[in-house]
Amino acid sequence: MTILSIDGLSKTFDMHVLGDTQVVGLDDVSFDVQTGEFLAIVGESGSGKSSLLKCLYRTYEPNSGRVVYHGPTRDVDLASCPARTVIGLRRDVIGYTSQFLDEIPRVPAVDVVARPLVEQGHSRDDARETARDLLTALSVPRELWEAYPATFSGGERQRVNLAQAIAPRPAVLLLDEPTSALDPETRRAAIDLLSTYLDGETTVIGVFHDTNVVEAVADRVVVLDDGRLDRVVPVDEYDGEVVVE
Ligand SMILES: Nc1ncnc2c1ncn2[C@@H]1O[C@H](COP(=O)(O)OP(=O)(O)OP(=O)(O)O)[C@@H](O)[C@H]1O
Ligand SMILES: [Mg+2]
């Protein structure tokens with residue numbers, strides 16, 4: 001079953017500082033995403049990977065094209081639906097971690113991770129228990145759980161971000177280089193967690209630079225080249241080209 005149909009997606013940026021020139025982020029990108037699959041997005045730096053995820057999450061409003069989410073009761077075009085629909089889908093359906101670490105409010109790490117579960121209606125105790133399990137699985141030291149992530153290292157923050165994004169097991173999960181700041185062992189723990197904590201119902205679209213990670217997690221690979229779709233291939237046909245460490 002198809003959960004997302006991406007059709008003719010384009011995004012350009014007006015660069016007023018550059019004398020009103022335009023920078024192309026995405027150029028006429030189309031592909032479908034199947035329910036429950038793990039899709040890896042790869043491509044050189046600047047090829048449009050983050051722009052694609054941001055168009056799917058509607059951080060960016062595309063210039064043209066459609067991103068149709070085939071929900072249980074109706075189809076929604078994420079490229080053009082009202083902002084209030086986007087807010088509801090972000091709460092109930094779509095999770096996202098950005099490539100760069102967002103400013104995190106002055107809230108203990110365990111509550112940062114628990115928050116989406118509380119918003120979904122879980123009790124605070126249950127939500128915090130799940131949050132602690134996720135932080136344990138990601139080897140975030142116990143003494144940091146009640147501390148504010150603002151002071152954490154890049155890799156610690158990245159793990160808090162990842163735990164928060166996966167905690168509610170969203171139907172669609174968008175991950176922008178979620179393990180880039182992690183050492184090999186912690187990265188492996190994060191990858192394991194993605195497959196053990198998320199059941200087959202979560203559809204994951206993840207940007208990864210590391211070919212080993214792509215081969216470990218992905219069902220199919222979307223290769224972007226200079227804002228355009230180069231190819232979509234099953235992971236066993238993916239040769240690792242175009243990925244630059
Ligand atoms: N907000 C923005 N304003 C202007 N240009 C942008 C913006 N976001 C992206 N771009 C441009 O769009 C192109 C694609 O950028 P994007 O961040 O999507 O690349 P990427 O594939 O994620 O790269 P990386 O691997 O380095 O993260 C780049 O040329 C970039 O400069
Ligand atoms: Mg990027």
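# Helix ends, salt bridges and surface patches in a predicted model

Biologist: Which residue just after α1 takes a positive phi?
Modeller: This is a predicted model, and all values are computed from it. The residue in question sits in the loop between α1 and β4 (64-70). Its phi is near 65 degrees, a positive value in a residue other than glycine. Just after α1, the residue with that phi is R58.

Biologist: Is R58 buried or exposed?
Modeller: The cut-off for buried is under 20% relative accessible area. R58 has a relative accessibility of 15%, so R58 counts as buried.

Biologist: How many residues of helix α1 are buried?
Modeller: Helix α1 spans residues 49-57 and is mostly covered. The buried residues are K49, S50, S51, L52, L53, C55, L56 and Y57. Out of nine residues in α1, the number buried is eight.

Biologist: Which residue in the loop between α5 (154-166) and β7 (172-176) has a positive phi although it is not a glycine?
Modeller: The phi there is about 45 degrees. The residue has a relative accessibility of 39%, so it counts as partly exposed. In the loop between α5 and β7, the residue is R169.

Biologist: How many salt bridges does the structure hold?
Modeller: Side chains of opposite charge can pair when their charged atoms come close. A pair counts if a side-chain nitrogen of Lys or Arg lies within 4 Å of a carboxyl oxygen of Asp or Glu. The number of salt bridges in the structure is ten.

Biologist: How many residues apart are D111 and R124?
Modeller: D111 forms a salt bridge with R124, with the closest N and O atoms 3.6 Å apart. The pair links distant parts of the chain, D111 being in helix α3 (residues 109-119) and R124 in helix α4, and their separation in residues is 13.

Biologist: Why does the salt bridge of R128 and D111 tie together separate parts of the sequence, and how many residues apart are they?
Modeller: The side chains of R128 and D111 meet with N to O at 2.8 Å. R128 lies in helix α4 and D111 in helix α3, so the pair joins parts whose separation in residues is 17.

Biologist: What is the relative accessible area of D111?
Modeller: Buried means under 20%. R128, a salt-bridge partner of D111, counts as buried at 13% relative accessibility. D111 is buried as well, with a relative accessible area of 15%.

Biologist: Which residue joins D111, R124 and R128 in a network of salt bridges?
Modeller: D111 pairs with R124, and D111 also pairs with R128. The network links these three residues with a further one, E146.

Biologist: Which residues does R124 touch, leaving aside its neighbours within four places in sequence?
Modeller: R124 is found in helix α4. E61 is 63 residues from R124 along the chain, and their C-alpha atoms are separated by 35 Å. The contacts of R124 beyond four places in sequence are D111 and V118.

Biologist: With which residue does R187 form a salt bridge?
Modeller: R187 lies in helix α6 (residues 184-197) and its partner in the loop between β8 (203-207) and α7 (211-217), so the pair ties together parts that are 23 residues apart in sequence. Both residues of the pair are buried. With the closest N and O atoms 2.8 Å apart, the partner of R187 is D210.

Biologist: What is the relative accessible area of D126?
Modeller: D126 is found in helix α4 (residues 124-137). A negative surface patch is formed by D125, D126, E129 and D133. D126 is partly exposed, with a relative accessible area of 44%.

Biologist: What accessible area do V17, L18 and V23 have together?
Modeller: V17 is in the loop between β1 and β2 (21-34). At a relative accessible area of 77%, V17 is exposed. V17, L18 and V23 form a nonpolar surface patch, and their accessible area together is about 290 Å².

Biologist: What distance separates the C-alpha atoms of D7 and D28?
Modeller: D7 lies in strand β1 (residues 2-15) and is partly exposed, with a relative accessible area of 44%. Not counting residues up to four places away in sequence, D7 touches V29, S30, G65 and R66. D28 is 21 residues from D7 along the chain, and the C-alpha separation is 7.6 Å.

Terms used: Residues are numbered from 1 along each chain as its sequence is written. Chains are lettered from A and ligands numbered from 1 in the order in which they are written. This is a predicted model: local features need pLDDT of at least 70, side-chain atom pairs count only at pLDDT 80 or more; totals for chains, interfaces and linings use all residues. Side-chain values use heavy atoms; hydrogens and water are left out. Patches are made of residues with over 30% relative accessible area and no salt bridge: like charges are joined within 9 Å, nonpolar side chains (Val, Leu, Ile, Met, Phe, Trp, Tyr) within 5 Å. Accessible areas come from the Shrake-Rupley method with a 1.4 Å probe; for residues, only the protein chains shown count as cover. Lys and Arg count as positive and Asp and Glu as negative; His and the chain ends are not counted. The place of a charge is taken as NZ of Lys, CZ of Arg, CG of Asp or CD of Glu. Helices (H or I, at least four residues) and strands (E, at least two) are DSSP runs, numbered from the N terminus. Buried means under 20% relative accessible area, exposed over 50%, partly exposed in between (1.4 Å probe, protein chains only). Contact means heavy atoms within 4.5 Å.
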